[in-house]
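Biologist: Got a minute to go through this one with me? Let's put it on screen.
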Amino acid sequence: MSHLDANEKVWNRLAKENSQFAKVATDEECAQPLLALDRRGWLPGSVKGMDVLCLASGGGWQSILYAVAGANVTVVDISPEMLKRDVQQASERNVHVKAVQASMDDLSQFETSSFDIVHHPVSSCYIPKLKPVYEEVARVLRGSGLYISQHKQPTSLQITERDQRNRYILGVSYYHNDPLPAVQDTAYREEGSVEYLHRWEELVGELCRSGFVIEDFSEPRRGDPKAKPGDFRHRGMFTAPYVRIKARRKTLVEQESSAPSIWIPES
Ligand SMILES: C[S@@+](CC[C@H](N)C(=O)[O-])C[C@H]1O[C@@H](n2cnc3c(N)ncnc32)[C@H](O)[C@@H]1O
């Protein structure tokens, strides 16, 4: 079974099980949608009338909040069951979202320069290579469009177990390219899914090489010093599980002016 089929199946199951990763937007969140989406002030003061792509973002959370805030929303996901939640929630809230089943690394259904914002929650781990994703996002964004993405942190994905002294073991090489082995602690992994580790070189370097400028970077805190071993917040004290990146697409003029005038071979 391909990684796409496997992950579609897993996320269809998680959606039906009402997983915590398939939560829908609440009334309280819908009352202040931009605050719910973004506490760091990365989004503009209003998204009214903007074209927003919620990428690999099914489940009825991000899409609904952007739609309630007045954006024209398209949500892409590999899982029809996750997308069903977006459509159901949109109808309940009397807003419209366009739901499209596709893989995040093939956005060929969309024309170049279609969106002002791409919002991409944690999901890049389900794809073996990030370059095609970043290049597609750069293509479908218009002008100096905003790309907000969140990713599983490579060190966290290297952890395979906790030893008897409650230390976390990096059991997978940083250079592991194949699908990650299954682990017992599924707090930061989805059981049955096919996941890949992306190194910083790929997460950040490839983003810059795909035509983006990074404007901000954050590590949402999941650790709690009072948490007991076995709790995800205990592990979160030792390594940040996620990172969030605010990037802006370089315009054609910026891309041309930042291109090196001489080529220096890499040593
Ligand atoms: C952690 S959930 C993110 C969505 C959720 N709304 C949230 O708030 O975090 C990850 C999503 O990625 C989707 N996904 C997995 N592989 C994908 C792929 N190749 N292309 C598009 N979506 C994919 C899953 O179906 C799932 O809905």
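Modeller: Sure. For what follows, a polar contact is a pair of N or O atoms within 3.5 Å; within protein, one must be able to donate a hydrogen and the other to accept it, and residues adjacent in sequence count only if both atoms are side-chain atoms. This is a predicted model, where local features need pLDDT of at least 70, side-chain atom pairs count only at pLDDT 80 or more, and totals for chains, interfaces and linings use all residues. Residues are numbered from 1 along each chain as its sequence is written, and side-chain values use heavy atoms, with hydrogens and water left out.

Biologist: OK, so what does Gln62 do with the ligand?
Modeller: One of its polar side-chain atoms lies 2.9 Å from a ligand nitrogen. Gly58 also has a ligand nitrogen at 2.9 Å, but from a backbone N or O atom.

Biologist: And how far is the side chain of Asp77 from the ligand oxygen?
Modeller: An N or O atom of the Asp77 side chain is 2.5 Å from that oxygen. The protein buries 93% of the 580 Å² that the ligand exposes when taken alone (Shrake-Rupley areas, 1.4 Å probe).

Biologist: How many residues surround the ligand?
Modeller: 19 (a heavy atom within 4 Å), with Ser103 and Met104 among the closest.

Biologist: Switching topic: which residues of α1 are buried?
Modeller: Ala6, Asn7, Val10, Trp11, Asn12, Leu14 and Ala15 (buried is under 20% relative accessible area, 1.4 Å probe, protein chains only).

Biologist: What do they pack against?
Modeller: The buried residues of α1 pack against α5, residues 80-93 (heavy atoms within 4.5 Å).

Biologist: And what follows α1?
Modeller: Asn18, with a positive phi near 55 degrees.

Conventions: Buried means under 20% relative accessible area, exposed over 50%, partly exposed in between (1.4 Å probe, protein chains only). Helices (H or I, at least four residues) and strands (E, at least two) are DSSP runs, numbered from the N terminus.
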